[in-house]
Amino acid sequence: MKAILIDKQTNALHWSDVPNPVVGPEDALVEIHAAALNRADLMQRAGDYPPPPGCPEWMGLEIAGVIVELGEEAKKKSSWKIGDRVCALLGGGGYAEYANVKYDMLMPIPKNLSFEEASAIPEAFATAYLNLFIEGGLKAGDTLLMHAGASGLASVIIPMAKAFGARVITTVIEDSVIDRIKHLGADRIVNSRKEDILKVLEEERDAGHPIDVAIDCLGGSIQGKCLQYMRYGGRWIMIATLAGDITEVDLKKLYVLNVRLIGSTLRSKSPEFKAKLLATLVENVWPKVESDEVRPTIYKILPITEAEEAHAILQRGENVGKVVLKVK
């Protein structure tokens, strides 16, 4: 089969021959139709985010396709059948024609989604659910702050939070993006280059909307100053630090407000945790996907052979929603 490999000399991506997967007893072999990109792919390419042990060296955390082979234990322990349309969360290896997936890492494709749309679900929706509800404990009536509203993850987190009854504030850095993300349903979109986010959070707090949950992929010097505007017992969840690793925190305000500062990554969670998370996702979120309350937002679909350009789109930060590679 073929997969996208990274040239060790030039760091370029190329569509190359690799060994076919060997299907283990608990595995399903999935013929991949589409694979979605994540910022973690860029980090892996840069050498900063290695795949877990036992995963292929090539990138790709979420795929959609068709089961073409099942191991004997997978047949016994699950109801999956050859020909089932599935999407899957991977430790790596999605930029390829086929992938081995343990049976409990598979999810049925929601009835109203294409392969391309379904490939944009597993990592993004699992990360969203993990941070909104497991780490964040979000409930109806809460206020969520989601930074980087134009990101692929925000395109899932914002409508998911709204579908479960939350008020959502999000940030962007260009006015031109605002119209492009209005369909996500955020209650307030803040251009952080024109508005002081600290004044915005103070205004929201004074209007009765202190932040209950923040999902932050930026960090940087401003992050520590925001904590004072959270609700008592609020949860600030760090998932990346694109704006800088270092901040200054007033620890007294942290403990007086009982604020929880939480670091969170999905990839580091155990396979058992991920399997339970995916089952919960199918049970609680799939009905909202099939009723069109929550849908993945696709920015662009490119053929797998144009993975280099797909990565460049993410590097330039031009996408609003997910970039997807069409494999078949």
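The largest cavity in this predicted model holds about 30 Å³ of space. A search of the whole structure turns up one cavity of 30 Å³ or more. Which residues line the largest cavity? Its lining is made of Leu61, Leu89, Leu90, Glu123, Leu266, Arg267 and Lys274. Sorted by class, that lining comprises four nonpolar, no polar and three charged residues.

One of the lining residues, Lys274, leads us straight to helix α10, where Lys274 is among the buried residues. Helix α10 covers residues 271-284. Its 14 residues, at 1.5 Å a residue, should span 20 Å, and the end C-alpha atoms are indeed 20 Å apart, so expectation and model agree.

Is the buried set of α10 gathered on one side or spread around the axis? The residues concerned are Lys274, Ala275, Leu277, Leu278 and Leu281. They lie on the same side of α10, because they cover an arc of only 165° around the axis. The general background is handy here: an α-helix has 3.6 residues a turn, so residues three or four places apart point the same way. Turned away from that buried side is a face carrying the exposed residues Glu272, Lys276 and Glu283.

What do the buried residues of α10 pack against? Their partners are two strands, β5 (85-89) and β7 (106-108), together with two helices, α4 (122-135) and α11 (286-290). Glu123 and Leu89, from the cavity lining, fall within the ranges of α4 and β5.

Helix α4 is also the place of Asn131, so let us set Asn131 beside Ile298, a residue of strand β14 (residues 298-303).

| Residue | Element | Relative accessible area | State |
|---|---|---|---|
| Asn131 | α4 | 1% | buried |
| Ile298 | β14 | 27% | partly exposed |

Why does Asn131 count as buried? Buried means under 20% relative accessible area, and the value for Asn131 is 1%, so Asn131 is buried. Ile298, with 27%, is partly exposed, because that class runs between the 20% and 50% limits.

The contacts of these two residues round off the picture. Not counting residues up to four places away in sequence, Asn131 touches Gly136, Val213, Ile215, Ile237, Ile239 and Ser264. For Ile298, with neighbours within four places in sequence left aside, the contacts are Glu116, Glu117, Ala120, Lys322 and Val324. There is a distance to note as well: Ile298 and Leu242 are 56 residues apart along the chain, and their C-alpha atoms are separated by 22 Å.

How values were computed
Residues are numbered from 1 along each chain as its sequence is written. This is a predicted model: local features need pLDDT of at least 70, side-chain atom pairs count only at pLDDT 80 or more; totals for chains, interfaces and linings use all residues. Side-chain values use heavy atoms; hydrogens and water are left out. On a 1 Å grid over the protein atoms alone, a cavity is a set of points where a 1.4 Å probe fits but cannot get out, and a pocket is an open set with protein on both sides within 12 Å along at least five of seven lines; lining residues have an atom within 4 Å of a point. Grid points are joined across faces, edges and corners, and a volume is the space filled by probe spheres set on the points. Ala, Val, Leu, Ile, Met, Phe, Trp, Tyr, Cys and Pro count as nonpolar, Asp, Glu, Lys and Arg as charged, and the others, Gly among them, as polar. Helices (H or I, at least four residues) and strands (E, at least two) are DSSP runs, numbered from the N terminus. The expected span of a helix is 1.5 Å times one less than its number of residues. Buried means under 20% relative accessible area, exposed over 50%, partly exposed in between (1.4 Å probe, protein chains only). The arc is that of the directions from the helix axis to the C-beta atoms. Contact means heavy atoms within 4.5 Å.
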